[in-house]
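Me: Hi! I'd like to walk through this model with you, a bit at a time. Could you set out the ground rules as we go?

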Amino acid sequence: DILETCRMLEGRKWPLVKVLPLFSRLPAGEQRMVYTVTAPKIVVATNVAETSLTIPGIRYVVDTGVARIAQYQPGTRINSLPISPISRASADQRKGRCGRVKEGLCVRLYSEVDYESREEFTSPEILRSDLAEVILRMTDLGLGDPLQFPFIDRPASKAVHDGYDTLVELGAMRKSGTQYQFPNYGWELTETGRLMARMQLDPRLSRMLLEARAENCLPEVTVLAAALSIRDPRERPPDKSAQADAVHAAFRHPDSDFLVLLNIWNRYHSDFEKLGSLVQKRRFCHENFLSFNRMREWRDIHAQLKELVAEMGWKVGGFTSGTPQIHRALLAGLLGNIGLKTEEGHYLGARGIRFWVHPGSGVGRKSGRWIMGAELTETTRLYARSVATIDPEWLESIGAHLVRRHQVDPHWEKTPAHVAAFESGTLYGLPLYAKRRVHYGPMDPVESRKVF
């Protein structure tokens, strides 16, 4: 929307006016232009310009009255970015972008009646977020029922239930038989959950690290966990998109966007670290269309994660593992983001959702029958970002506590001399296997005795 608006404005015959976009994913150099350009300018911005910014020379503000506000949806566990009406507080903040150095004017593209009917403040983030990490920490600290805790803004019971479901999915919670007050009645932390709580990370990332230790791929997954904690370090300036795509093609991997991040990290350490001055390092990032600030943030978070796992008594060495081990470790934290390809080309996901691979993915149309995504985000469609093709056999082992098995047609088999049946297995309603012959005796001894 920002870039389209800029193109429309640039089509006008205003030879002395500079039209500048401003949004968070814009390269830092282009963001700084809103401060450095002294000519008459029009800044087309998202709500990144709503607070904390004083752009010199701004005398007029045109407020659309809407913004993309991040919203986590309990139940489907989708991170959506719907276009929503802003609150009165946000509208007042927007008005404050002009008139800071001289008199200004704010034009609102909605009525005063509309303004008066809006919420006074933007909904607090705790009401729009995944509560799994909050519940994990509260349970570990013995703070009791989250629904009874005196939050300033109390989260809905549906969001709390969803947080518990996420922790069960990750293997961090289990039935205890101990009587707690609803809704955490009968639940306690597993040993895995206690280790995850000690890490004080997003539960999905801590679960990945635990599995990586078991798969002997901790060095690689530590790098990827740090990468998933920041925005994509790749930059794609609107006026150099083809050039950026050509440079980024060197990092591409046909089956996994996660391995693309590892390729960037390897290039960063093989070439970037050899450069001496800060100017040379910035030039390296500029030539490779990488954000210098995000690469630095990635490195800093990676150093923190290495220190954290060292405190746990784990050793992080160099890269030695293969692709399957890395993806199995990632899958342990992303079981809820799996998908099964349909004949139409989209994916059926957990909890009955349908999604598409994001157009910016390097996997794209070559994605396999089963995939996992780092996150599911809804904009114009529901997209999976950072995807990788996976083996369905991994789902059966890693998600064993979630697989639902159903046996039919128990019958006597002469050669093995036992009662067998045909079993089908599903994970979140997605078929993993069907008509698998299994030994039925341990599953239903009474019925097997009758068949015998």
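Reply: Happy to. Contact here means heavy atoms within 4.5 Å. Helices (H or I, at least four residues) and strands (E, at least two) are DSSP runs, numbered from the N terminus. This is a predicted model, where local features need pLDDT of at least 70 and side-chain atom pairs count only at pLDDT 80 or more, while totals for chains, interfaces and linings use all residues. Residues are numbered from 1 along each chain as its sequence is written, and side-chain values use heavy atoms, with hydrogens and water left out.

Me: Great. What do the buried residues of helix 10 pack against?

Reply: They pack against helix 9 (203-215), helix 12, helix 14 (292-311) and helix 15 (323-333). Buried means under 20% relative accessible area, exposed over 50%, and partly exposed in between (1.4 Å probe, protein chains only).

Me: And how many residues of helix 10 are buried?

Reply: Ten of its ten, across residues 218-227. Among them are P219, E220 and T222, along with V221 and V223.

Me: Which residues have the most contacts inside the largest nonpolar core?

Reply: Those are V221, W298, L331 and L395, in a core of 74 residues. A nonpolar core is a set of buried Ala, Val, Leu, Ile, Met, Phe, Trp, Tyr and Cys residues joined through side-chain atoms within 4.5 Å. Helix 12 (residues 257-271) gives the most to this core, with eight residues.

Me: What does W298 touch?

Reply: Leaving out residues up to four places away in sequence, W298 touches V223, A226, A227, I230, P233, L261, I264 and W265. There is also another core lying apart, with eleven residues, including I78, F355, V357 and A384.

Me: Switching to strands. How are strands 16, 17 and 18 arranged?

Reply: They form an open sheet in the order 16-17-18, with antiparallel pairing. Two strands pair if DSSP finds at least two bridges between them. Strand 16 (404-413) and strand 18 (430-439) are at the edges with a single partner strand each, so one side of each has no neighbour in the sheet.

Me: How many bridges are there between 16 and 17?

Reply: Eight, with strand 17 covering residues 418-427. One named pair is H406 with S424, the latter in strand 17.

Me: What about strand 3, which residues are on its covered face?

Reply: V61 and D63, whereas Y60 and V62 make up the uncovered face of this strand (residues 60-63). Strand 3 runs parallel to strand 8 (residues 105-108), joined by four bridges. Y60 has L105 of strand 8 as its bridge partner.

Me: Now charges. How many salt bridges does the structure hold?

Reply: It holds 16, a salt bridge being a side-chain nitrogen of Lys or Arg within 4 Å of a carboxyl oxygen of Asp or Glu. For instance, D130 and R204 form one, with their closest N and O atoms 2.8 Å apart. This pair links distant parts of the chain, 74 residues apart: D130 is in the loop between helix 5 (112-117) and helix 6 (132-141), and R204 is in helix 9.

Me: Is R204 buried or exposed?

Reply: R204 is buried, at 19% relative accessible area, while D130 is partly exposed at 22%.

Me: Where do E133 and R137 sit relative to each other?

Reply: They are four residues apart in helix 6, which means about one helical turn separates them. Their side chains meet in a salt bridge (3.3 Å, N to O). R137 counts as partly exposed, at 28% relative accessibility.

Me: Which residues form a salt-bridge network?

Reply: E50, D63 and R94, joined into one network by salt bridges that share partners.
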